[in-house]
Amino acid sequence: MPFSEPWHTTALRNGSIALGVGLGVGLYQRHLAVVPLVTLLALWFTLGGHYVELLFRNRLGPLLASPGPRALVRLVYWFVGGSVLYALALVTRGISTGQRAVSWPWWTGGVLFLAVELLIHLLMRVRQQPSFYDGRG
């Protein structure tokens, strides 16, 4: 059965996380003027990441019958998805600020996205929800 949820639930959760990241960075830097831009960039990972995950769960994952290969493909998919979201966030940053130079390599977004997804699925597993770790989520 495909996973879905009401749009307002998705927008509220992912928007709140992005805003929290924006506020956290703004407070850490003691420069609240960065909050809107950082929130926008964080949305690539929160909302964009939601749709990356949804595409796998509803379209790609069901095509892979065996749990072992499905898990490996999912890890690679998360890495690629995170790398693409990182690239899109960099393009957005460049358009918004005119700044292009970034010292982190292209694959940084993939590694971070993969780590965050594994952590989120670990928390889901602890809460006894379907997750990557039990092959149901």
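Trainee: Which helix gives the most to the lining of the second largest pocket?

Mentor: Helix H3 does, with four residues. The model is a predicted one, in which local features need pLDDT of at least 70 and side-chain atom pairs count only at pLDDT 80 or more, while totals for chains, interfaces and linings use all residues. Residues are numbered from 1 along each chain as its sequence is written, and side-chain values use heavy atoms, with hydrogens and water left out.

Trainee: What makes H3 a helix, and how many helices does the protein chain have?

Mentor: A helix is a DSSP run of H or I with at least four residues, and a strand is a run of E with at least two, numbered from the N terminus. By that rule the protein chain has four helices and zero strands, and its pattern along the sequence reads α-α-α-α. Taken along the principal axes, its C-alpha atoms fill a box of roughly 50 × 30 × 25 Å.

Trainee: Why are H2 and H3 called roughly antiparallel?

Mentor: The axes of H2 (residues 35–60) and H3 (residues 67–97) cross at roughly 150 degrees and come within 9 Å. Angles run from 0 to 180 degrees between N-to-C directions, and under 35 counts as roughly parallel, over 145 as roughly antiparallel, 65 to 115 as roughly perpendicular and the rest as oblique. H2 and H3 are therefore roughly antiparallel to each other. Their contact holds 16 nonpolar, seven polar and five charged residues.

Trainee: What makes H1 and H2 oblique?

Mentor: H1 and H2 pack at an angle of about 140 degrees, with their axes 7 Å apart. That angle makes H1 oblique to H2. H1 passes H2 in a right-handed crossing. The contact of H1 with H2 has 13 nonpolar, eight polar and one charged residues.

Trainee: How do you know where the largest pocket lies, and which residues are closest to its centre?

Mentor: On a 1 Å grid, a pocket is an open set of points where a 1.4 Å probe fits, with protein on both sides within 12 Å along at least five of seven lines, and lining residues have an atom within 4 Å of a point. About 1300 Å³ of space lies in the largest pocket. Of its 37 lining residues, Ala42, Phe45, Thr46, Phe113 and Val116 are the closest to its centre. H1 (7–29), H2, H3 and H4 (108–126) each supply at least two residues of this lining, and H2 gives the most, with 11 residues. By class, the lining divides into 22 nonpolar, nine polar and six charged residues.

Trainee: What is the volume of the second largest pocket, and what surrounds its centre?

Mentor: Its volume is about 350 Å³. Of its 16 lining residues, the closest to the centre are Arg70, Arg74, Gly135, Arg136 and Gly137. H2 and H3 each supply at least two residues of that lining, which has eight nonpolar, four polar and four charged residues.

Trainee: Why is the pair of phenylalanine 56 and tyrosine 77 called tilted?

Mentor: Rings of Phe, Tyr and Trp (its six-membered ring) pair if their centres lie within 6.5 Å, and planes under 30 degrees apart count as stacked, over 60 as edge-to-face and the rest as tilted. The count by this rule comes to four aromatic pairs. For phenylalanine 56 and tyrosine 77 the centres lie 5.4 Å apart and the planes differ by 40 degrees, and the pair is tilted. Phenylalanine 56 sits in H2 and tyrosine 77 in H3, 21 residues apart, and the pair thus links distant parts of the chain.

Methods. Ala, Val, Leu, Ile, Met, Phe, Trp, Tyr, Cys and Pro count as nonpolar, Asp, Glu, Lys and Arg as charged, and the others, Gly among them, as polar. Grid points are joined across faces, edges and corners, and a volume is the space filled by probe spheres set on the points. A crossing is left-handed if the near helix is turned anticlockwise from the far one by less than a right angle, and right-handed if clockwise.
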